[in-house]
Structures are given as C-alpha cells and as structure tokens.
Amino acid sequence: MSDIKGFKYGFEEEIAIKRPWLDVYSALHNLKAWPEYLPHVKKIDLIYDDGHYQEFRMHVTSTNGDILSVRSIRKCDQNSKEIQFFQPEPPEYLKHHCGGWRFVEKDGACHVTTYHKWNLKNEIAEDEFPSNEKESTAEQVEKILKNHAKLALSTWKVILEEGIL
Amino acid sequence: MIISETISIQGDLKDIYGAFCDLTLWTKILPDIKNAEILYDDHIHQEFLMTVERPAGLETIRGVRYCHPFHTLEVFHPVPPPGVKYMRGKWHFIPDNQDIVDVIATRDFELITNNPAAENEFAEKLKNYLKTNLNLFKAAIENK
C-alpha cells in the first residue's frame, strides 16, 4: 500500500524500537489506550472497530495549545504487518491525506516505517503557509507532517523501550 | 459467516472494474439505489452515503471502500445494518484470456445475537441480493 499512486507529496520515516514487532503493532492497534501513553492525545472517540477496520475521532493538542479533532479510518492487517489510515476530513489545507505504518523485525528490533501521502488544497495551503525565501508552501506543509510523524515515532520508542507499555 | 457469489461478465477488465468502482454509476445500474453521495474519494479510499429502497422504506447507509485497480474492491460499513455486528466484503476481478472477467463478491458478517437460524436466513437473503446486483451489473456492462 505504501506504493499508492495519485498523491503528489509524501515521505517516509523509520525508527528502530527494541521490542518484538507484535508488541509495537499491538500498541499502535489498541488506540483506546493512546490517551494513557501519548501526552498530546487527549481523547479517543471510537466510532467503529471490528479488529480489522477502525474508525475514530482523536482529540489532540496542537503546537499552539488548541485542541484539534481528527477523524481517521484505518485498516489493520496483522498478516501483512501493516496499518493503513486515511483522513476523510483532512485539515483544510489538504485535499487528501493517507498513510500508514509498516513493521519489520530485524537485528533484534522492530523497524517501524511510517509513511504519509497527501495532496494540497492549493489556494488554502498557499494562504495559510505562504511561500517565503526559505520555504515553499509545500515544503512548510511537509515539515509539519514530518515533525508530527517523527514525534509520534520517537514517543512510541520511549513508551515501548522504557517498559511504560 | 462468509458468503460469496460469482458471475462471469464479458468485457474489458478496466471497464468492468470501473463500473463497480464508480459509485455514481450505481444509481443508474441498481434500481434500489436512490442516491449515492461521495463524501471522500482520493481514488484509493472512498467514503460514501448510499440511500437504498428497502421494504420498510428508504435507508441511508454509510460505507468505506478501498480500491485496488484492477483486481479488488474492499468495503465495510462503520454503521452496520440493524441487528448486524459487522458487515464487510470484497469484489475480486479475475480476468481469463477470452475477454471474460469473473467477478467474485464476498461478504463477511456477524449478527449481534448468536442465532444460527437467523444467521442462515440473513445469509440467504444477502446471497440473493448479491446475485441480483451482479446480474444487474452484467446486464448494464454487456448491453451498453
């Protein structure tokens, strides 16, 4: 799924977590427990969960302290060691947004790769993140999404390696 | 419980897959579908509302689909039908080498109450519904 087409922008980030892959997969799968472990996740409203497909609304603290509400739909496939997501109501500056996590066990660690793909809603994105001499609109959006992804991965690494979960 | 129905449709794989993938065509092909509203579509993921004519009246259902051109469509209903714990399924598109595509529709469901007789009855109705719809798609594609 990480080779999905039709998205203009994307990136991947990887981190090694010294835990069996199923522990890491399970931690990311069990979203009801996230508010206990992830400081920026204030609340999860679970809309649907049959173990394979999930829909939920997550309330998170943004960088300026506001609470943002994000609805996600996920497909969790333990056999292919992958969790995919998409946001049917992405942030205003995005037209589409999807991604996922892949889990590979090697050298005594679980290597988690998170990937994001998106398309911009150009007018709104350019208005919200105007190009400047240092960065284009697209680069600023990528930086935001990449910083969130890196923060999430490093937080999970601490939680799982320190035995908090 | 998993059920499936299969039909062979003459035509190009991309056209056949496309007919099942394009939700706006459903109101033209399936007479009980009164309206289809696309809430999100990035060509891989779709979220939609579909208004269906049932014996008890009009029912609007929400669905989510994953499109894998040109071999599989996956669907699940985050709000399953009344009495159903979950409802999900797939359409597989398997071409042979003579311009014929086998379309296999599967549905995987569980009722809220553990009642084998009710489950079998539900499965039979669902199979008939799938069969009818597959035949309507076949007619629409082959006679266009």
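**Exercises on a two-chain model**

**Exercise 1.** Check the length of helix 4 of chain A (residues 137–161) against the span expected at 1.5 Å a residue.

*Solution.* Helices here are DSSP runs of H or I with at least four residues, strands are runs of E with at least two, and both are numbered from the N terminus. The expected span is 1.5 Å times one less than the number of residues. Helix 4 of chain A has 25 residues, so it should span 36 Å; its end C-alpha atoms lie 36 Å apart, which agrees. The model is predicted: local features need pLDDT of at least 70, side-chain atom pairs count only at pLDDT 80 or more, and totals for chains, interfaces and linings use all residues. Residues are numbered from 1 along each chain as its sequence is written, chains are lettered from A and ligands numbered from 1 in the order in which they are written, and side-chain values use heavy atoms, leaving out hydrogens and water.

**Exercise 2.** Find which residues of helix 4 of chain A are buried and what they pack against.

*Solution.* Buried means under 20% relative accessible area, exposed over 50%, and partly exposed in between (1.4 Å probe, protein chains only). Among the buried residues are Val141(A), Leu145(A), Ala149(A), Leu153(A) and Trp156(A). An α-helix has 3.6 residues a turn, so residues three or four places apart point the same way. The partners of the buried residues, in contact (heavy atoms within 4.5 Å), include strand 1 (9–17), helix 1 (21–29) and strand 6 (94–106) of chain A.

**Exercise 3.** Describe the interface of chain B and chain A.

*Solution.* The contact takes 21 residues from chain B and 24 from chain A. The buried area, which is the accessible area (1.4 Å probe) that two parts lose on being put together, summed over both, is about 1,700 Å², with 61% from carbon and sulfur atoms. Tyr40(B), Tyr66(B) and Phe76(B) supply 31% of the area that chain B buries against chain A, more than any other three residues. Next, count salt bridges (a side-chain nitrogen of Lys or Arg within 4 Å of a carboxyl oxygen of Asp or Glu): there are four between the chains. Arg62(B) forms one with Glu55(A), the closest N and O atoms being 2.8 Å apart.

**Exercise 4.** Locate the backbone features at Phe70(B) and Asp107(A).

*Solution.* Most residues other than glycine have a negative phi, and most peptide bonds are trans. Pro69(B) and Phe70(B) are joined by a cis peptide bond, with omega about -5°; Phe70(B) sits in the loop between strand 4 and strand 5 of chain B. Asp107(A), not a glycine, has a positive phi of about 55°. Asp107(A) lies in the loop between strand 6 and strand 7 of chain A and is exposed, at 77% relative accessible area.
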